[in-house]
Amino acid sequence: MTYCVAIKLNAGLVFLSDSRTNAGLDQISTFRKMIVYERAEDRFMVLLSAGNLSISQSVREILQVEQLQEHEDSEPITIWNARSMFDAARVLGSAVRHVYDRDAVALRQSGVEFNCSMIFGGQIQGEGMRLFQVYSAGNFIEATPETPYFQIGESKYGKPVLDRVITPDTPLDEAAKCALVSMDSTLKSNLSVGLPLDLVVYGVDDFQTSKVVCIDEHNPYFRMLHGSWGQKLREVFDSIEDPQWAGGPTELPLMVEAGRSKPLRKITTPNERLI
């Protein structure tokens with residue numbers, strides 16, 4: 001399986017992906033799910049992919065040369081000459097549909113559904129940063145200040161910390177830390193997500209970055225974060241008062257009457273009914 005997350009902030013963008021794929025318990029492999037497109041001083045784009053590996057690899061390959069032509073006499077749009085990230089996302093959608101038209105029928109005849117999801121974000125000279133989530137049909141949605149991040153793959157384990165921490169004003173380094181905590185929570189709860197990780201951090205209007213790192217089990221920062229997060233969670237959990245069932249001293253009783261609902265009624269004989 002896969003877990004990828006991308007975060008759009010006022011200060012920049014954060015991208016993080018794992019690298020585990022599996023086709024069964026005894027067929028686990030490592031394939032990177034992130035690719036960076038960079039032309040200094042002009043454009044910086046990152047693509048994250050999840051779903052069927054053969055589909056996502058085909059899309060990535062075709063995206064390099066995919067051309068979107070509005071009219072017969074207009075210049076074809078590619079990710080390298082697109083004037084906006086929106087147009088670049090349209091080219092990606094076209095590449096997804098290209099692969100669908102070529103492979104979907106054959107896949108379906110083999111019992112495999114056309115399944116891929118992608119996150120595509122970055123910045124092109126002349127406009128601000130943008131972040132998109134692209135679906136199997138080639139359509140997409142864009143991140144907003146109210147929803148400043150996207151996840152694909154095994155998203156549920158790492159979502160709570162993102163919801164509690166991330167806002168558009170979050171500093172880049174703090175967001176990178178939050179993304180790594182989100183990934184660590186996913187690694188802890190799901191064996192289909194695994195190391196190494198790819199992390200890219202991009203500053204607004206830089207149009208290039210040197211903050212590209214591969215994180216494996218020996219990475220000192222990630223090892224520290226993994227240990228500290230688990231320890232701190234336990235400390236916070238232990239600091240919360242236990243419920244007092246027997247009427248012990250507490251300012252926060254659990255056994256109180258609910259405002260509109262009564263406690264669950266127990267069934268004690270075969271003849272009783274709930275209604």
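This is a short walk through one structure, from its sheet and helices to its cores, aromatic rings and salt bridges.

Okay, hi everyone. One thing up front: what you're looking at is a predicted model.

Let's start with the sheet. There's an open sheet of 5 strands, and if you read across it the order is S10-S1-S2-S11-S12, with antiparallel pairing. So which strands stand at the edges? Those are S10, residues 149–153, and S12, residues 212–215. Each has a single partner strand, so one side of each is left without a neighbour in the sheet. From one strand to the next, the twist averages 10 degrees.

Now look at S1 and S2. S1 covers residues 3–8 and S2 covers residues 12–17; they run antiparallel, and 5 bridges join them. If you want a landmark there, find Cys 4: its bridge partner in S2 is Ser 17.

What lies across this sheet? That's helix H4, residues 172–189. It lies across S1, S2, S10, S11 and S12, and it runs at about 20 degrees to S2.

Follow the chain on from H4 and you get to a loop, the one between H4 and S11, and Pro 196 lies in it. The peptide bond from Leu 195 to Pro 196 is cis, with omega near 0 degrees. Then there's the loop between S11 and S12, where you'll find Phe 207. Phe 207 isn't a glycine, yet it has a positive phi of about 60 degrees. Buried or exposed, then, for Phe 207? It counts as buried, at 5% relative accessibility.

Right, over to helix H1, residues 53–63. Its buried residues are Ile 55, Ser 56, Ser 58, Val 59, Arg 60, Ile 62 and Leu 63. And what do the buried residues of H1 pack against? They pack against strands S5, S6 and S7, and against helix H2.

Two of those H1 names come back when we look at the largest nonpolar core. That core has 28 residues, and the ones touching the most other members are Val 59, Leu 63, Leu 92, Phe 114 and Phe 120. S6, H1, H2, S7 and S8 each supply at least two residues of this core. The largest share comes from H2, with 10 residues. There's another core lying apart from it, of 26 residues, including Ile 7, Val 14, Val 181 and Leu 197.

Let me zoom in on Phe 114 for a second. Leaving out residues up to four places away in sequence, Phe 114 touches Ile 55, Val 96, Val 99, Tyr 100, Ala 104, Leu 107 and Ser 136.

Next, the aromatics. The count comes to 5 aromatic pairs. Take Phe 86 and Phe 140: their ring centres are 5.5 Å apart and their planes sit at 75 degrees, so the pair is edge-to-face. Phe 86 is in helix H2 and Phe 140 is in strand S9, so the pair ties together parts that are 54 residues apart in sequence. Phe 140 also pairs with Phe 132, with centres 5.3 Å apart and planes at 80 degrees, so that one is edge-to-face too. Put together, Phe 86, Phe 132 and Phe 140 form one aromatic cluster. How accessible are they? Phe 132 is buried, with a relative accessible area of 0%. Phe 86 is partly exposed at 36%, and Phe 140 is partly exposed at 22%.

Last topic: salt bridges. The count here is 14. My favourite spot is a network linking Arg 39, Asp 42 and Arg 43. Between Asp 42 and Arg 39, the closest N and O atoms are 2.8 Å apart; for Arg 43 and Asp 42, the N to O value is 2.6 Å. Arg 39 is partly exposed, at 35% relative accessible area, whereas Arg 43 is buried, at 4%. Right by them in the numbering is Glu 41, in the loop between S5 and S6. Glu 41 is exposed, at 52%, and its phi is near 70 degrees, a positive value in a residue other than glycine.

One more salt bridge joins Asp 87 and Arg 90, at 3.0 Å from N to O. Why are these two separated by about one helical turn? Because they are 3 residues apart in helix H2. Asp 87 counts as buried, at 18% relative accessibility.

That's my tour, thanks for listening.

Technical notes
Residues numbered from 1 in each chain as written. Predicted model: local features only at pLDDT ≥ 70, side-chain atom pairs only at ≥ 80, totals over all residues. Heavy atoms only, no water. Salt bridge = Lys/Arg side-chain N within 4 Å of Asp/Glu carboxyl O. Buried < 20%, exposed > 50% of the residue type's maximum accessible area, 1.4 Å probe, protein only. Helix = DSSP H or I, 4+ residues; strand = E, 2+ residues; numbered from the N terminus. Pairing = 2+ DSSP bridges. Axes fitted to C-alpha atoms, helices over the stretch in contact; angles between N-to-C directions. Contact = heavy atoms within 4.5 Å. Core = buried A, V, L, I, M, F, W, Y, C linked by side-chain atoms within 4.5 Å. Phe/Tyr/Trp six-rings, centres within 6.5 Å; stacked < 30°, edge-to-face > 60°.
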